[in-house]
Amino acid sequence: MSMTDLLGAEDIKKAVGVFTAVDSFDYKKFFQMVGLKKKSPDDIKKVFHILDKDKSGFIEEDELGFILKGFYPDARDLSVTETKMLMAAGDKNGDGKIDVDEFFSLVAES
């Protein structure tokens, strides 16, 4: 399954384009722009599993750095600052990774 099976390709491309500048990424705005906020819990879970590249059941910090590429392969990597800010926002229990429930919370906040 690919991201475009769940979200509109044009919405993804437009959202990625808004955040091309380093240190411009805003996950709340991004999730809204790609339409993730409007998706069912099942679809949000599917997006989580696409972003969980190593299939560990968690999105770790190194995977977060490539989150935009999970939506659009030609997208940029997040900066270290952006990655750390996203981890801080998503890692509610402080274990250094984001599980599916924490991902739901991130999307719900957007």
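User: In this predicted model, at what angle do helix α3 and helix α7 pack?

Analyst: Helix α3 covers residues 41-51, and helix α7 covers residues 100-109. Their axes lie 10 Å apart. The packing angle is about 115°.

User: Is α3 roughly parallel or roughly perpendicular to α7?

Analyst: The two helices pack at about 115°. Angles of 65 to 115 degrees count as roughly perpendicular. The relation of α3 to α7 is therefore roughly perpendicular.

User: Is the crossing of α3 and α7 left-handed or right-handed, and which residues of α7 make the contact?

Analyst: The crossing is right-handed. From α3, the contact draws on P41, I44, K45, V47, F48 and L51. The α7 side consists of V100, F103, F104 and V107.

User: How many residues of the contact of α3 with α7 are nonpolar?

Analyst: One residue of this contact is charged. No polar residue takes part. The nonpolar count is nine.

User: Where does UniProt place the feature "domain: EF-hand", and how much helix does the chain have over residues 78-110?

Analyst: The unreviewed UniProt entry gives residues 39-74 and 78-110. Over residues 39-74 the chain is 56% helix and 6% strand, with end C-alpha atoms 24 Å apart. Over residues 78-110 the end C-alpha atoms are 18 Å apart and strand makes up 6%. Helix there comes to 64%.

User: How far apart in sequence are the parts that the F30 and F71 pair ties together?

Analyst: The model has eight aromatic pairs. F30 and F71 form one that is edge-to-face, at 4.9 Å centre to centre and 85° between the planes. F30 lies in helix α2 (residues 27-34) and F71 in helix α5 (residues 67-71), so the parts tied together are separated in sequence by 41 residues.

Conventions: Residues are numbered from 1 along each chain as its sequence is written. This is a predicted model: local features need pLDDT of at least 70, side-chain atom pairs count only at pLDDT 80 or more; totals for chains, interfaces and linings use all residues. Side-chain values use heavy atoms; hydrogens and water are left out. Axes are lines fitted to C-alpha atoms, for helices over the stretch in contact, and angles run from 0 to 180 degrees between N-to-C directions. Helices (H or I, at least four residues) and strands (E, at least two) are DSSP runs, numbered from the N terminus. Angles under 35 degrees count as roughly parallel, over 145 as roughly antiparallel, 65 to 115 as roughly perpendicular and the rest as oblique. A crossing is left-handed if the near helix is turned anticlockwise from the far one by less than a right angle, and right-handed if clockwise. Contact means heavy atoms within 4.5 Å. Ala, Val, Leu, Ile, Met, Phe, Trp, Tyr, Cys and Pro count as nonpolar, Asp, Glu, Lys and Arg as charged, and the others, Gly among them, as polar. UniProt positions are given in the numbering used here, feature names are shortened, and annotations may be inferred rather than shown by experiment. Rings of Phe, Tyr and Trp (its six-membered ring) pair if their centres lie within 6.5 Å; planes under 30 degrees apart count as stacked, over 60 as edge-to-face and the rest as tilted.
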